[in-house]
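This report examines selected local and packing features of one protein chain. The structure is shown first, and the discussion follows.

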Amino acid sequence: MNTILVTGATGNVGRPLVHHLAAAGTDVRAVTRHPEPADFPPSVTQYRSAIEALVGADAMFMNSRALGDAMGATIDAARAAGVTRLVALSAINADDDFSRQPSRFRGDRNKEAEQLAVASGLEWVSLRPTVFATNFAGMWAPQLHLGDVVNGPFASASVAAIADGDIAAVAAQAFLTDDLLGQAIPLTGPQALTNTQMVEAIGAVLGRDLTYQEIPPELVRQRFIALGFGAEFA
């Protein structure tokens, strides 16, 4: 792959992916609604529109949140432009009932991204990561700014969260080699950690004695509904 288009290029996966591909010597086209020239190597060309960036591209990284309702039309345009490979960002729970997929409430269409890639007639790879490590930063950072206690449900619940940069590294291999073609690849971190263990690990890094305090699930359900999530998901 000589010229690779990355949608969602300033996102959690897109940004490190751009750097991986540029370091490998590929021609990278970074598509983002919020250009930040200083963030990318000088060789990277930035675009505001995926459609505009498709002409002359060999492959595309598909971020459903970045493409939104235009995802299908963008794949059609990619095929017409001569793109030969699609790498889709999906999720490990893409086959679950939609009410159990919280990312859908934030605009991700993980199942559709994979389905469109598979049905495109092009070479495809679908990446199915588990929970992003940065999700916990988003949930817990406000509490940690206020004190040393993180409040949440199910202290003993565990997940093998994955670093966003590790997802990007696998995405780069999906473009730079043929090893993953035609596969939906589940991606996890190296170890399952409980909420309590993750908070303790963060405390060790920060040099703070942090505590995870379990709260009743009903309070969490009420909080989700107050944030606009549906009652079924909550």
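Phe154 is partly exposed, its relative accessible area being 46%. The model is a predicted one. Phe154 belongs to the loop that runs between β7 (149-152) and β8 (158-159). Its backbone deserves attention: phi of Phe154 is near 50 degrees, a positive value in a residue other than glycine. Most residues other than glycine have a negative phi.

Asn63 offers a second loop position, in the segment between β4 and α3 (64-67). With a relative accessibility of 13%, Asn63 counts as buried, because the cut-off for that class is under 20%. When residues up to four places away in sequence are not counted, Asn63 touches Thr7, Gly8 and Leu89.

The two loop residues are set out below.

| Residue | Loop | Relative accessible area | Class |
|---|---|---|---|
| Phe154 | between β7 and β8 | 46% | partly exposed |
| Asn63 | between β4 and α3 | 13% | buried |

**Nonpolar cores**

Which residues touch the most other members of the largest nonpolar core? They are Val6, Leu17 and Phe61, in a core of 29 residues. Eight elements are listed as each supplying at least two residues of this core: the strands β1 (3-7), β2 (27-31), β4 (59-62), β5 (85-89), β6 (123-129) and β9 (183-187), together with the helices α1 (14-23) and α7 (164-176). The greatest share comes from α7, which gives six residues.

The surroundings of Phe61 can be described in detail. Leaving aside neighbours within four places in sequence, Phe61 is in contact with Leu5, Val6, Thr7, Val13, Leu17, Val87, Leu89, Ala171 and Phe175. Separate from the largest core is a second one of 20 residues, which includes Tyr47, Met71, Leu86 and Ala117.

**Packing of α4 and α5**

Helix α4 (residues 71-81) and helix α5 (residues 110-119) have axes that come within 10 Å and cross at roughly 25 degrees. The two helices are therefore roughly parallel, since angles under 35 degrees fall in that class. The crossing of α4 and α5 is right-handed. On the α4 side, the contact is made by Met71, Gly72 and Ile75, and on the α5 side by Glu112, Ala113, Leu116 and Ala117. By class, this contact of α4 with α5 comprises five nonpolar residues, one polar residue and one charged residue. Met71 and Ala117, both part of the contact, are also among the members of the second core.

Methods. Residues numbered from 1 in each chain as written. Predicted model: local features only at pLDDT ≥ 70, side-chain atom pairs only at ≥ 80, totals over all residues. Heavy atoms only, no water. Axes fitted to C-alpha atoms, helices over the stretch in contact; angles between N-to-C directions. Helix = DSSP H or I, 4+ residues; strand = E, 2+ residues; numbered from the N terminus. Parallel < 35°, antiparallel > 145°, perpendicular 65-115°, else oblique. Left-handed = near helix turned anticlockwise from the far one by under 90°. Contact = heavy atoms within 4.5 Å. Nonpolar A, V, L, I, M, F, W, Y, C, P; charged D, E, K, R; others polar. Core = buried A, V, L, I, M, F, W, Y, C linked by side-chain atoms within 4.5 Å. Buried < 20%, exposed > 50% of the residue type's maximum accessible area, 1.4 Å probe, protein only.
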